[in-house]
Amino acid sequence: MTESLDQAVELAYRELRAIAHRRLMAGGGNGNATLSTTALVNEAYLKLVDNSRAEWHDRAHFLALASTVMRHVLVDRARERMALKRGGVRERITLDDAQISAEAEPELLLQLNEAVDELAAFDPRLARVVECRFFGGLTEKETADALEITVRTVQRDWVKARVLLRRALEA
């Protein structure tokens, strides 16, 4: 029993490291970032373990949940960075290349987080696609599996979500 639990924890930790690495590299991955892959994984892992309501049935569900947790960790981190900076100018955000760094551009990440929350009120599935694709760095296939929809639906939702988020951010 303990051995299978240890194996599950090890596999989950490896998955989280892969997601965190993709996410941090997507944000520019410069050497002066203060949030390392290990730190992001540890914070996300603690949130996953601490959340007694969290259930996942398979790898796809775990990846979806991990994407949501990574979003929360990155947003919390951006809020901390903004508290240090105070102020800031709204800048244009693009989701096309997933190039927003929680370290270098915390205000942009916070703006995006607010826009995703607004999107969730309009269409929760679109927001989940953004969480998986942008915050979790999941592929279209992984996102489709996690959300139990087709790859083509993920593609359409991703396009629609980016348009809606772009409009919200420009308003």
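Of the 171 residues in the chain, 44% count as buried. The model is a predicted one. About 9,500 Å² of the chain is exposed, and carbon and sulfur atoms supply 52% of that area. The chain contains seven helices and zero strands. Read from the N terminus, its elements run α-α-α-α-α-α-α. Contacts were also examined by separation in sequence. Among those between residues at least 6 apart, 67% join residues at least 24 apart.

Salt bridges were then searched for across the whole structure, and six were found. Three of these pairs are described below, together with a network.

One salt bridge lies in helix 3, which spans residues 59-85. Here the side chains of Arg79 and Asp76 meet, with an N to O distance of 3.7 Å. Arg79 and Asp76 are three residues apart, about one turn of the helix. Arg79 has a relative accessibility of 46%, so this residue counts as partly exposed. Asp76 is likewise partly exposed, with a relative accessible area of 31%.

A second salt bridge joins Asp157 and Arg125. Their closest N and O atoms are 2.6 Å apart. This pair links distant parts of the chain. Asp157 belongs to helix 7 (residues 151-170), whereas Arg125 belongs to helix 5 (residues 124-135). The two residues are 32 residues apart. Asp157 has a relative accessible area of 6% and is therefore buried, the cut-off being under 20%. Arg125 reaches 39% relative accessibility, so Arg125 counts as partly exposed.

Helix 5 also holds the pair Glu131 and Arg128. The side chains of Glu131 and Arg128 form a salt bridge, at 2.3 Å from N to O. Glu131 and Arg128 are three residues apart in helix 5, so about one helical turn separates them. Glu131 is at 7% relative accessibility and therefore counts as buried. Arg128, with a relative accessible area of 24%, is partly exposed because buried residues must fall under 20%.

The pair of Glu131 and Arg128 is part of a wider arrangement. Arg71, Asp117, Arg128 and Glu131 are linked in a network of salt bridges. Within this network, Glu131 is buried, while Arg128 is partly exposed. A buried acidic residue with a partly exposed arginine partner also appears in the pair between helix 7 and helix 5, where Asp157 is buried and Arg125 is partly exposed. In helix 3, Arg79 and Asp76 are both partly exposed.

Technical notes
Residues numbered from 1 in each chain as written. Predicted model: local features only at pLDDT ≥ 70, side-chain atom pairs only at ≥ 80, totals over all residues. Heavy atoms only, no water. Salt bridge = Lys/Arg side-chain N within 4 Å of Asp/Glu carboxyl O. Helix = DSSP H or I, 4+ residues; strand = E, 2+ residues; numbered from the N terminus. Buried < 20%, exposed > 50% of the residue type's maximum accessible area, 1.4 Å probe, protein only. Contact = heavy atoms within 4.5 Å. Areas by Shrake-Rupley, 256 points an atom, 1.4 Å probe, with all protein chains shown as cover.
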